[in-house]
Amino acid sequence: MGWLVSEENFDKSKIELFGSKFCIGNGNFGYRGTLEEYGKEQLCALTLSEIYDDNGCGWREPVNMPNPFHINLSVGGGNISVLGSNVAKHEQSLDIKHGIHSRNTTFVTGSGSRVSVSSERFASMAAPELIAEKYMLSADSDIDIVMNAGPDMDVWDINGPHFNVIRSESSGGNTDNHFLIETIEKKYQVSMCVSYLVQTGCDYKQDGNQYTIHLTKDDSFLLTTYAVITKGIHCADPFAESRAKCECFAGKGFDQVLKEHEAVIEKRWRSYDIEIEGDPYAQLAVRYSIYLLLIAAPFHTEGIAIPARGLSGQVYKGAMFWDAEIYMLQMFLFEEPEIAKNLVMYRVKHLKEALEKAAEFGYEGAFYPWESQETGKDGCTLYNLTDIFTGRKMRTYFRDKQIHISPDVVFGLYKYMEITGDYSILLQGGTEVILECARFLYSYSYFKKSRNRYELLDVTGADEYHERVNNNAYTNYMAKMALKCAVDTRAYMEKNHKAEWDSIVKKLKFEDDLAHIDEMHRLIYTPAPGKDGVIEQFDGYFKEEDLSVRELYSRRIKENEYLGSLCGLAVNTQILKQADVILMMSLLPDQFTKEEKRANWDYYEKRTEHGSSLSTCIYALLAAEIDEKTYAYDYMMKAATIDLVGNYKLYLGDLYIGGTHPAANGGTWMVTVLGFGGLRVNADGVSFVPDLPDSWNSMSYHFACRGYEADCKLTKTTMTLHLTGQKKSGFLFNIGGKTYELTDDSITVNY
């Protein structure tokens with residue numbers, strides 16, 4: 001139970017949603033949950049990680065490959081397709097435990113015969129170059145069917161085309177289609193080799209990619225397709241390698257390569273799975289959120305992180321945002337630290353580009369890209385949106401004013417060290433990242449002598465509806481965190497790695513900046529709670545018009561008009577796009593009292609539009625901490641089901657922003673484990689403050705922390721911990737104000 005996502009009947013209006021909802025992937029590429037008869041009009045996409053292109057229009061995005069599973073059927077000269085035929089029965093499903101997409105469709109032909117189509121496909125977790133499918137035809141009476149099966153080269157692109165085919169071969173053997181593409185901008189080479197194998201007891205004739213099939217009611221026609229994608233960034237001869245690997249996988253057979261894939265993904269689930277008893281829908285939604293992160297995670301490389309829409313298409317230019325550090329990272333830190341390190345090292349490896357961006361805007365230090373791609377450069381343009389009234393490009397201040405991206409990167413490094421206990425990352429470039437981000441903040445800051453404090457002026461905070469504000473609370477508090485991290489890094493390095501520290505300081509020419517960073521850490525302005533406990537989101541926020549979200553909506557002329565930028569409806573109001581102060585309190589919980597958290601949650605919750613998928617999970621996380629379980633559960637389920645029900649914005653102005661929502665998926669994990677499960681990590685060790693939703697009888701989850709691994713099971717009144725890793729004793733944890741040491745394999749305590 002709780003592993004199958006399925007939909008019955010065909011609904012043309014849900015093609016876009018189902019493409020995202022039934023997505024498969026393995027971190028090397030993603031394949032949208034589309035049907036074999038679909039083309040680019042139905043948003044078919046096989047989206048590559050690491051390979052981006054700009055065809056000259058100034059808009060870089062990941063490359064979509066030709067669709068290897070494209071199939072057209074016809075009977076008596078007429079096409080058979082869900083898009084136009086008489087569909088008697090249709091089901092589309094996704095087995096998230098095994099990462100398998102399936103479809104079963106029965107068509108009624110003009111003569112009254114019933115033709116059934118079924119298929120299964122998966123993107124291999126065991127062999128990240130492979131995606132495979134088996135496709136079966138059957139009928140309830142004798143019938144002749146013409147099948148055309150071959151890669152669809154007419155690729156869906158948002159701002160394409162992005163490649164040229166520079167080599168192509170076809171053969172009559174197993175390897176029927178084999179080609180090498182080269183991207184337009186950077187000349188990246190990628191090869192796809194597709195092998196088609198037929199297994200059938202019926203009569204058929206083959207002419208290239210066309211099969212003329214005579215089916216009887218006792219026979220079936222099975223076509224198995226193996227597609228192998230190899231990238232020139234990983235091998236010297238992708239064309240030869242794709243052929244060799246494709247022949248190898250085809251030789252193993254579908255059942256064997258599926259078995260190898262299932263072994264890997266089942267092993268991952270043993271760490272990542274969360275079991276919930278008493279609430280089947282929440283069980284499915286939480287597992288589905290984890291699944292969507294797993295299929296987008298870069299298990300194979302440090303060269304990329306998780307894009308804002310995963311690998312479900314080219315939306316948001318396939319860029320990595322602050323989402324990766326703030327929303328997605330913690331699940332991997334607690335479940336598979338090696339993968340978390342890949343995500344963190346992606347930023348470390350691109351420090352050079354962050355330094356270049358800071359210099360571009362006249363600052364020192366590291367200003368990380370708002371939209372980072374495979375090169376580490378910023379893919380965000382200054383004119384990022386289009387005014388739907390005038391058709392003119394709108395100036396936005398995401399690229400140059402959302403300076404919190406650099407503290408967010410430091411936060412990721414800090415959480416990595418805090419949770420894993422692995423400080424060696426400081427010797428692998430982490431120290432330089434922390435220091436250069438601190439230097440950037442100092443360079444950007446303004447020292448106000450009359451108040452003896454550093455301020456951060458002209459910024460855009462987490463709430464993007466209010467651009468170019470002064471002293472945004474989220475930005476200033478995260479900046480202080482980053483500065484403290486720099487101060488603490490200095491103390492740690494001087495104590496434990498003095499020679500390396502001296503070398504780094506000399507290399508960075510940081511001697512004069514050490515005192516500046518220390519002073520700014522002590523004197524940076526962080527808005528304090530007022531008498532009512534509420535922290536002002538930015539200077540002058542309380543003076544803005546105070547109205548409800550409903551009233552704001554009533555003023556819209558067009559439904560999709562953008563509410564932010566410099567002239568949007570929300571700009572001079574207190575309406576927020578997404579969590580800002582609430583996010584700050586969720587990430588830095590020890591800096592605020594429970595009463596202050598409640599006061600701010602009460603104030604900002606009713607003023608937040610939740611116009612971003614990043615928002616509801618954060619309100620849920622803080623609601624869990626202030627004992628608002630009903631709100632916490634409801635907001636968590638909104639985040640957890642966003643890709644199940646399609647409750648998300650499809651357009652930002654006229655910009656298509658569909659696809660999956662990894663930030664909401666990661667936020668769901670945080671609410672479930674850190675919120676309801678109560679897992680906390682601090683300097684003293686691990687503590688638990690569990691509080692399950694009323695509908696949950698129990699919850700079980702796994703976590704790793706500082707070299708220990710444990711399974712945790714919570715009921716309404718008890719917690720059982722079972723150590724599963726190599727360390728079997730000496731695990732300290734606190735629950736209910738009492739500290740325990742786990743000296744045996746397991747322990748059960750009341751709370």
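**Salt bridges and helix packing**

In the predicted model, D518 is partly exposed, its relative accessible area being 31%. The side chain of D518 forms a salt bridge with that of R522, with a distance of 3.5 Å from N to O. This distance satisfies the criterion for a salt bridge, because the nitrogen of Lys or Arg has to be within 4 Å of the carboxyl oxygen. Both residues belong to helix α13 (residues 513-523), where they are four residues apart and therefore separated by about one helical turn.

A second pair is made by R607 and D546, whose side chains meet in a salt bridge at 2.9 Å from N to O. R607 is located in the loop between α16 (594-605) and α17 (616-625), and D546 in the loop between α13 and α14 (549-554), so this salt bridge ties together parts that are 61 residues apart in sequence. The two partners fall into separate classes of accessibility: R607 is buried, with a relative accessible area of 10%, whereas D546 is partly exposed at 44%.

A salt bridge also joins E7 and K21, with 2.5 Å between the closest N and O atoms. E7 is part of strand β1 (residues 4-8) and K21 is part of helix α1 (residues 15-21), so the pair ties together parts that are 14 residues apart in sequence. K21 has a relative accessibility of 4% and counts as buried, because the limit for this class is under 20%. E7, at 21% relative accessibility, counts as partly exposed.

In general, side chains of opposite charge can pair when their charged atoms come close. Salt bridges may also be joined into a network, as is found for E36, E37, R103, R121 and E133. In total, 45 salt bridges are counted in the model.

The packing of two helices was examined as well. α17 packs against helix α20 (residues 662-676) at an angle of about 5 degrees, and the axes are 9 Å apart. α17 is therefore roughly parallel to α20, since angles under 35 degrees fall into this class. On the side of α17, the contact is made by C617, I618, A620, L621 and A624. The residues that α20 contributes are A663, G667, T668, M670, V671, L674, G675 and F676. Sorted by class, the contact of α17 with α20 comprises 10 nonpolar and three polar residues, and no charged residues.

How values were computed: Residues numbered from 1 in each chain as written. Predicted model: local features only at pLDDT ≥ 70, side-chain atom pairs only at ≥ 80, totals over all residues. Heavy atoms only, no water. Buried < 20%, exposed > 50% of the residue type's maximum accessible area, 1.4 Å probe, protein only. Axes fitted to C-alpha atoms, helices over the stretch in contact; angles between N-to-C directions. Parallel < 35°, antiparallel > 145°, perpendicular 65-115°, else oblique. Contact = heavy atoms within 4.5 Å. Nonpolar A, V, L, I, M, F, W, Y, C, P; charged D, E, K, R; others polar.
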